[in-house]
Amino acid sequence: MEVFRSVLTVADSRRSLVALCRIIDLDPLITDRKRTILFWACFIYPFFFHAFSLYTLYYYRNDMLPFLQCVSMWGAAGQCSFKTINAYIHRKRIREMFDQVTCKQSASEQDERVNAHYLKWARRLSVILKMLTSTLLSNFVFFNLYLLRGIVVNDRKFIFVLNIPGLNADPNAGFPDYELQLTFQLVALWIGVWEVVALDGLFAYFALNGASQADSLIVTINRMSQAVEEERAAGDETSREIKRIIQQHGQYLDYINRLDEMFNGMFLMQFGSFAFSGSVALYVARISDWFAIYGIIATSYFQLFFYNSLGSVIETKNHEIAEEFYNCKWFMMSIKDRKMIMLMLQRARTVPTLSVGHLAPLNLETGMSIYKTLYSYFLLLKDAFN
């Protein structure tokens with residue numbers, strides 16, 4: 001499978017991402033081909049899933065355990081649907097940014113030092129895509145093991161609690177009630193898993209290419225500084241190079257701002273869902289034999305670490321750019337050039353980074369706060385029901 005190829009070039013990482021998106025035809029990067037039933041299933045199927053979840057919550061309103069089991073799955077499915085809708089809303093901007101990244105990747109091939117940075121981050125993207133795919137697909141293992149265990153001990157189970165109106169909610173009901181509901185659940189799990197893999201992979205692709213652009217800018221600043229130190233650049237040449245750096249820095253800042261505009265709402269939804277449904281899932285796993293939920297819990301923990309790690313990468317690169325401006329040989333330049341360097345340094349120090357709904361920065365520190373919030377909610381549930 002193309003997704004699991006060893007990434008040897010920058011173009012390979014791009015093809016791997018597109019291959020993931022096309023598994024369920026959820027490819028916001030392509031406009032000139034006819035959409036298949038898989039594309040529409042990514043929107044229609046979740047609609048029915050959420051409608052049936054509301055019905056199930058009402059059905060079990062007086063039965064705590066299945067009610068909480070349904071809540072834990074509904075929260076996980078909610079963030080998946082939000083990601084799909086968000087990608088579709090921003091599909092035009094996503095295509096523009098994808099084309100922009102492709103152009104910069106192609107241009108980097110002319111510069112061995114810059115291309116080495118793009119290749120470094122492309123290899124890391126390959127590792128992340130493999131980890132995403134493996135982690136998300138592990139949910140199939142957990143849920144199918146839970147289903148298989150029920151068959152072995154002659155105690156039929158649904159893989160999770162979700163009732164379809166008009167069908168008998170009892171797993172031991174006759175044909176076709178059990179079979180129809182189980183099939184719907186399996187298909188929903190399949191679509192949800194691949195949606196998350198593709199859309200999380202899309203964000204990873206953009207974030208790591210943002211880091212590549214930052215490294216490219218740092219290389220350019222470093223070269224200018226060396227040329228000034230070795231007196232290989234006259235005053236006019238230095239001014240022209242500084243103007244080129246200003247333009248490159250502006251493009252980088254615009255890229256990060258657009259990335260934040262597209263995804264900050266998604267992060268807010270993701271982390272809010274994680275704190276709420278994750279704590280419920282922990283409690284459900286503690287009081288029931290539904291061990292399949294541990295797959296969802298592990299996935300949620302991984303996603304939280306994944307997002308905040310990428311946010312920290314961008315935050316670190318912003319600091320490195322500011323440090324490179326400060327360390328360049330500005331004191332050997334003309335007064336005019338010094339002023340431009342000082343302005344860029346000030347801009348680099350105050351640059352916004354990726355955020356969670358503009359409420360908190362997307363970094364590992366925020367991730368730890370959310371972990372603590374989840375555990376607090378878990379303890380609250382434990383004490384309340386005890």
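Helices here are DSSP runs of at least four residues, numbered from the N terminus. With that in hand, Arg-244 and Glu-241 can be placed: both sit in helix H7, three residues apart, or about one turn of the helix. The model is a predicted one. In it, Arg-244 and Glu-241 form a salt bridge, and their closest N and O atoms are 2.8 Å apart. Neither end of this bridge is tucked away: Arg-244 is partly exposed at a relative accessible area of 42%, and Glu-241 is partly exposed at 22%. Glu-241 counts as partly exposed rather than buried because its 22% is not under the 20% cut-off.

That bridge belongs to a wider set, and the count of salt bridges comes to twelve. In general terms, side chains of opposite charge can pair when their charged atoms come close. Helix H7 supplies another partner, Glu-261, whose side chain meets that of Arg-93 in a salt bridge with an N to O distance of 2.8 Å. This one spans the chain: Glu-261 is in helix H7 (residues 235–287) and Arg-93 in helix H4, 168 residues apart, so the pair links distant parts of the chain. Both partners are again partly exposed, Glu-261 with a relative accessible area of 42% and Arg-93 with 27%.

Elsewhere, Lys-157 pairs with Asp-155, and here the closest N and O atoms are 3.5 Å apart. Asp-155 is partly exposed, its relative accessible area being 33%. Salt bridges also join up into a network, made of Lys-120, Asp-215, Lys-317 and Glu-320.

Back in helix H4, which runs over residues 91–108, the place to look is Ser-108. Ser-108 is buried, with a relative accessible area of just 2%. A polar atom of the Ser-108 side chain lies 2.6 Å from the backbone oxygen of Gln-105. Once neighbours within four places in sequence are set aside, Ser-108 is in contact with Val-114, Asn-115 and Tyr-118.

Next comes the nonpolar interior. As a general matter, nonpolar side chains tend to be buried together in soluble globular proteins. The largest nonpolar core in this model has 115 residues, and the ones with the most contacts inside it are Phe-143, Phe-203, Phe-206, Phe-267, Trp-290 and Phe-306. Helix H6 (residues 177–229) gives this core its largest share, 26 residues. Apart from that core lies another, of five residues, among them Val-10, Val-114, Tyr-118 and Ala-122. Two of those names have already come up, as Val-114 and Tyr-118 are also contacts of Ser-108.

Trp-290 gives a feel for the surroundings inside the largest core. Leaving out neighbours within four places in sequence, Trp-290 touches Gln-69, Ser-72, Met-73, Phe-143, Tyr-146, Ile-159, Phe-160 and Val-284. Phe-143, in that list, is itself one of the residues with the most contacts inside the core.

Aromatic rings pair up often enough to be worth a paragraph, with a count of 32 aromatic pairs. Tyr-301 and Tyr-371 make a stacked pair, 5.2 Å centre to centre with 15° between the planes. This pair too links distant parts of the chain, with Tyr-301 in helix H8 (residues 293–327) and Tyr-371 in helix H10 (residues 364–385), 70 residues apart. Tyr-301 is partly exposed, at a relative accessible area of 30%. Phe-302 and Phe-306 are stacked as well, at 6.2 Å centre to centre and 15° between the planes. Both of these phenylalanines lie in helix H8, four residues apart, about one turn of the helix. Phe-302 and Phe-306 are both buried. They also take part in one aromatic cluster, which is formed by Phe-203, Phe-263, Phe-267, Phe-271, Phe-302, Phe-306 and Tyr-307.

Finally, the cysteines. A disulfide is, in general, a covalent bond between the sulfur atoms of two cysteines. The count of disulfides in this model comes to zero. Cys-21 is in no disulfide, and the nearest cysteine sulfur, that of Cys-42, is 10 Å away. Cys-42 is in no disulfide either, its nearest cysteine sulfur being that of Cys-80 at 8.3 Å. The 8.3 Å gap is not within the 2.5 Å cut-off, so Cys-42 and Cys-80 do not count as a disulfide. Both Cys-21 and Cys-42 are buried, Cys-21 with a relative accessible area of 1% and Cys-42 with 3%.

Definitions and conventions
Residues numbered from 1 in each chain as written. Predicted model: local features only at pLDDT ≥ 70, side-chain atom pairs only at ≥ 80, totals over all residues. Heavy atoms only, no water. Helix = DSSP H or I, 4+ residues; strand = E, 2+ residues; numbered from the N terminus. Buried < 20%, exposed > 50% of the residue type's maximum accessible area, 1.4 Å probe, protein only. Polar contact = N/O pair within 3.5 Å; in protein donor to acceptor, adjacent residues only side chain to side chain. Contact = heavy atoms within 4.5 Å. Core = buried A, V, L, I, M, F, W, Y, C linked by side-chain atoms within 4.5 Å. Salt bridge = Lys/Arg side-chain N within 4 Å of Asp/Glu carboxyl O. Phe/Tyr/Trp six-rings, centres within 6.5 Å; stacked < 30°, edge-to-face > 60°.
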